[in-house]
Amino acid sequence: MHLRNTETSFGLVSQLLHWLIAALVLWQFVLAQLAGNASLFERLVLLGRHKSVGMTILMLAVVRLLWKLVNPRPVILPGLPRYHRALARLSHGLMYALIFALPLTGWLMSSALNTPVSYFGFFTWPDLVEPQQELGDLLALVHAYLFMLLAGTIAVHASAALFHHFVVKDSVLRGMLPGMNR
Amino acid sequence: MRVCVALVLLLPATVFGQPENDLPWQVHDDSSLEFVAVQQGAEFTGRFEQFEATIRFDPAAPQLSSLAIAVVTDSVNTYYDDRDEVLRGPDLLNVERWPEATFSSDSVRVDGESRFVAAGDLTIRDRTQPLALPFSFENRDGQTHLSGEITISRLDFGVGQGEWSNTEWVGADVKIRFRLRLESPYPAGERPARQDGEASK
Ligand code: HEM
Ligand code: HEM
């Protein structure tokens, strides 16, 4: 077991960050869905949690990106066809971008709607823009569309990983499981 | 003889508090009434766009003051329509039933340099509570400002029925901040007799 990545495999830190962020993204979706069908008060509570969890994802995304930059990048399984690898790289890049873009649009939206972002009640993140409802409403749409893009990408990404594991029976999925090498 | 006239003029003021012809200050349009509340653990600022302040106040004779402020609850503005709707609704301000919130005081005392405290009643919804409202009265750059802030608990006034009485997600304390720009109702230089009399006492 190794903490850092090598040329051929993910280290424990990358693996844990991957699954932690994956779980929190799923939780974000659940909170947002519940908020959509809740009473106004429950919506306030659920979105309050959603905002704190979302800012956690933003911080983890920063850590993850920095960690990626100071680590070797494990090559995507060399045996795969080129367009497969290109697709994998594209979807990974997109997901990296979106785990920044979603929290940032959420934070911007909250600032514009004059609903500042508390971090679980411990402190308040600074507002990024002055209150302006039109911008906030627009950002809520952008936030929702970006999530659809993320959800679609994750669906392809996760299906590909499962396909590799159960059909191709190679070590792609194992490579991302904590403590395992591919 | 002139002293006599002054005394006679003074009499009704001291006996009845406010003479009928004592004009209130004119309140300038750029006055503001803001509040700071806590939602989801974070502070946000809102304001009431419409309110009427009837202020009879002379810093030299604070004991003769009367302050009355009527706030149009429907004019609440937090720069977010969805939240404004909730605030107007039955569980919070219930603006349909209680279109006004009021503060009134007939008792002002000095509380330091340019500082005063108005003891009065604050009514929001159907609840009235005594309130000692501190304020400052200052002349700055040729303008007169009456301003201050005070923190109240919204639940003392029933602002937050049912699930909205929860204070983890909607803070109990609400800070109220007012800044009134006042203009004298009297032509420049002319002051009512009783105020001169009081001032020299
Ligand atoms: C990776 C992180 C995030 C994900 C995956 C995510 C996902 C979502 C989703 C799926 C929705 C529902 C959209 C809809 O169908 O209308 C939503 C709504 C919302 N999100 Fe996020 N979000 C994230 C981060 C954040 C952050 C950091 C904030 C604020 C600081 C935030 C604030 C909001 C708000 C206020 C709404 C409700 C928008 C509305 O009023 O329609 N989100 N989010
Ligand atoms: C059940 C869901 C998921 C499965 C099974 C899964 C599986 C995998 C696997 C096996 C890899 C390694 C690919 C390789 O060897 O090159 C990987 C990488 C990656 N996954 Fe996931 N994943 C899932 C969910 C997610 C989610 C929700 C996100 C983002 C929000 C995500 C973002 C990424 C990224 C960015 C990489 C590239 C890591 C890097 O090269 O630094 N994954 N995933």
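In this predicted model, a polar side-chain atom of A:Lys68 lies 3.3 Å from an oxygen atom of ligand 2. Two histidines also approach this ligand through polar side-chain atoms: that of A:His18 is 2.7 Å from a nitrogen atom of ligand 2, and that of A:His157 is likewise placed 2.7 Å from a nitrogen atom of ligand 2. Altogether, ligand 2 is surrounded by 19 residues, and the closest of these are A:His18, A:Lys68, A:Tyr96, A:His157 and A:Arg182.

Ligand 1 is also surrounded by 19 residues, of which A:Gln28, A:Arg43, A:His50, A:Lys51 and A:His143 are the closest. An N or O atom in the side chain of A:Arg43 is found 2.8 Å from an oxygen atom of ligand 1. On the nitrogen side, a nitrogen atom of ligand 1 is separated by 2.7 Å from an N or O atom in the side chain of A:His50, while the corresponding distance from a nitrogen atom of the ligand to an N or O atom in the side chain of A:His143 is 2.8 Å. The shell around ligand 1 draws at least two residues from each of four helices of chain A, namely helix 1 (12-36), helix 2 (40-69), helix 3 (82-112) and helix 4 (133-168). The greatest contribution comes from helix 2 of chain A, which supplies seven residues to this shell. When the residues of the shell are sorted by class, eleven are nonpolar, six are polar and two are charged.

Helix 2 of chain A also holds A:Ser52. A:Ser52 has a relative accessible area of 3%, and because this value is under 20%, the residue counts as buried. Apart from neighbours within four places in sequence, A:Ser52 is in contact with A:Ser118, A:Tyr119 and A:Phe120. A contrasting case is offered by A:Thr6, which belongs to the segment before helix 1 of chain A and which, with a relative accessible area of 30%, is partly exposed. The C-alpha atom of A:Thr6 is separated by 7.5 Å from that of A:Asn71, although the two residues are 65 residues apart along the chain. If residues up to four places away in sequence are not counted, A:Thr6 touches A:Pro72, A:Arg73 and A:Pro74.

Chain B contains three helices and eleven strands, and these elements follow one another from the N terminus in the order α-β-β-β-β-β-β-α-β-β-β-β-β-α. Of the 201 residues in chain B, 45% are buried. Among the contacts in chain B with a separation of 6 or more, 58% join residues that are 24 or more positions apart. The chain exposes about 10,800 Å², and carbon and sulfur atoms supply 51% of this area.

In soluble globular proteins, nonpolar side chains tend to be buried together. In the present model, the largest nonpolar core has 45 residues, and those with the most contacts inside it are B:Ile55, B:Phe57, B:Ile124, B:Phe135, B:Phe137, B:Leu146 and B:Ile152. Strand 11 (residues 173-183) of chain B gives the most to this core, with five residues. For B:Ile124, once neighbours within four places in sequence are left aside, the residues in contact are B:Leu93, B:Ala101, B:Ile152, B:Phe157 and B:Val159. A second core, separate from the one just described, has 25 residues and includes A:Val53, A:Leu58, A:Leu98 and A:Leu150.

Two further residues of chain B have contacts that reach into chain A. B:Thr78 is located in the loop between strand 6 (76-77) and helix 2 (81-88) of chain B, and this threonine counts as buried because its relative accessibility is 0%. Not counting residues up to four places away in sequence, B:Thr78 touches A:Asn114 from chain A, together with B:Phe35, B:Phe44, B:Thr45, B:Gly46, B:Arg83, B:Asp84 and B:Leu87 from chain B. B:Val86 lies within helix 2 of chain B and is likewise buried, with a relative accessible area of 16%. Beyond its neighbours within four places in sequence, B:Val86 is in contact with A:Leu40, B:Leu92 and B:Trp164.

Definitions and conventions. Residues are numbered from 1 along each chain as its sequence is written. Chains are lettered from A and ligands numbered from 1 in the order in which they are written. This is a predicted model: local features need pLDDT of at least 70, side-chain atom pairs count only at pLDDT 80 or more; totals for chains, interfaces and linings use all residues. Side-chain values use heavy atoms; hydrogens and water are left out. A residue is near a molecule or strand if one of its heavy atoms lies within 4 Å of it. A polar contact is a pair of N or O atoms within 3.5 Å; within protein, one must be able to donate a hydrogen and the other to accept it, and residues adjacent in sequence count only if both atoms are side-chain atoms. Ala, Val, Leu, Ile, Met, Phe, Trp, Tyr, Cys and Pro count as nonpolar, Asp, Glu, Lys and Arg as charged, and the others, Gly among them, as polar. A nonpolar core is a set of buried Ala, Val, Leu, Ile, Met, Phe, Trp, Tyr and Cys residues joined through side-chain atoms within 4.5 Å. Buried means under 20% relative accessible area, exposed over 50%, partly exposed in between (1.4 Å probe, protein chains only). Contact means heavy atoms within 4.5 Å. Accessible areas come from the Shrake-Rupley method with a 1.4 Å probe; for residues, only the protein chains shown count as cover.
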